[in-house]
Amino acid sequence: RGAGALMVAEEALVKADQAALVAALAAQPPWSDVPVLVLARQGADSDALAAVMSQLPNATVIERPARVTSLVSAARSTLRARQRQYELRARLEELHRADRRKTEFLATLAHELRNPLAPIRTTLALLERRPLDPAALGRHHDLMRRQVEHMVRLVDDLMDVSRVTRGRVDLQFVPVRLGVVLGDAVELSRPLIDAAGHAVDVDVADEPLQVRGDAVRLTQVFANLLNNAAKYTPPGGRVGVSARRDGAHAVIEVS
């Protein structure tokens, strides 16, 4: 539960109690080294006391009767040293949290970086397979350009060490048209949808739906939802995405 220090009379360190105390101290976490002040009888058997002390990792012997000022001084020094141990524990815990956040952040980015690669790879395969007319070629180039820009944004996140340490990304809020975002999300998920033989139904309201948000992050969100729909829909199924206005809100549904 936590302790500043232990103050134990030598007489209390009988064989049974000594074993329990030694076992408890041995179970401390690596950062902890609880100090023990042993109040010894004047002229106590030094060999017996030395045997006890050899089993206590951080013990100080104070011979009785002790001056009050000496006892208080020893206790204060002991508590200051113990306080530094608790400060070290807090620092270690923060380092562990930062490392965990970094691991989760990098795992998320690695997952997101795979999404733009699929449409790029599919488009390259189409370009290698047959010559295309200028209009189709332009569409494919535009697709690859959008996906490369998407990846550049993700790599920028990766290069920002401070964000990695905090385990968070910055959002760039601008006016965003949801129809465009959903089109990009479908484009990202298209290879997975096509591989499963699914049909895609996109139903976006005729009126422009505009929100203030981060287009890249919203595309990631909707692409992940579409990817999940493609994975868990039986082969040859239908994947639907719709967008509509509900008062002051925009409602997106993936089915």
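These legends walk through close-up views of a predicted model.

**View 1. Three strands form an open sheet with mixed pairing.**
Following the sheet from one side to the other, you meet the strands in the order S5-S7-S8. Strand S5 (199-204) and strand S8 (249-254) stand at the edges, and each has a single partner strand, so one side of each is left without a neighbour in the sheet. On average, neighbouring strands here are turned by 10° against each other, direction ignored.

**View 2. Strands S7 and S8 run antiparallel.**
Zooming in on this pair, we find strand S7 (residues 238-246) joined to S8 by 6 bridges. For a landmark, look for Ala243, which stands opposite Ile252 in S8.

**View 3. Helix H6 lies across the sheet strands S5, S7 and S8.**
This helix covers residues 178-195, and H6 runs at about 175° to S5.

**View 4. The largest nonpolar core has 15 residues.**
Within this core, the residues with the most contacts are Leu182, Ala185, Phe222, Leu226 and Val241. Two or more residues come from each of H6, helix H7 (215-232) and S7. The largest share, 6 residues, is given by H6. Phe222 is a handy place to start exploring: leaving aside residues up to four places away in sequence, Phe222 touches Leu178, Val181, Leu182, Ala185 and Ile252. That last partner, Ile252, is the residue of S8 that stands opposite Ala243 in View 2.

**View 5. A second core of 13 residues is separate from the one in View 4.**
Among its members are Leu21, Val34, Val52 and Leu56.

**View 6. Gln147 is a buried residue of helix H4.**
Helix H4 spans residues 134-159. How buried is Gln147 in terms of relative accessible area? The value is 3%, and buried means under 20%, so Gln147 counts as buried. Beyond residues up to four places away in sequence, Gln147 touches Pro116, Pro119, Ile120, Glu187 and Leu188.

**View 7. Helices H3 and H7 pack at an angle of about 80°.**
Two packed helices are described by the angle between their axes and the distance between the axes. Here the axes of H3 (residues 68-129) and H7 are 11 Å apart. The angle makes H3 roughly perpendicular to H7. On the H3 side, the contact is made by His111, Glu112 and Asn115, while H7 brings Gln220, Asn224 and Asn227. Which classes of residue make up this contact? There are 5 polar residues and 1 charged residue, with no nonpolar ones.

Note on methods. Residues are numbered from 1 along each chain as its sequence is written. This is a predicted model: local features need pLDDT of at least 70, side-chain atom pairs count only at pLDDT 80 or more; totals for chains, interfaces and linings use all residues. Side-chain values use heavy atoms; hydrogens and water are left out. Two strands pair if DSSP finds at least two bridges between them. Helices (H or I, at least four residues) and strands (E, at least two) are DSSP runs, numbered from the N terminus. Axes are lines fitted to C-alpha atoms, for helices over the stretch in contact, and angles run from 0 to 180 degrees between N-to-C directions. Contact means heavy atoms within 4.5 Å. Buried means under 20% relative accessible area, exposed over 50%, partly exposed in between (1.4 Å probe, protein chains only). A nonpolar core is a set of buried Ala, Val, Leu, Ile, Met, Phe, Trp, Tyr and Cys residues joined through side-chain atoms within 4.5 Å. Angles under 35 degrees count as roughly parallel, over 145 as roughly antiparallel, 65 to 115 as roughly perpendicular and the rest as oblique. Ala, Val, Leu, Ile, Met, Phe, Trp, Tyr, Cys and Pro count as nonpolar, Asp, Glu, Lys and Arg as charged, and the others, Gly among them, as polar.
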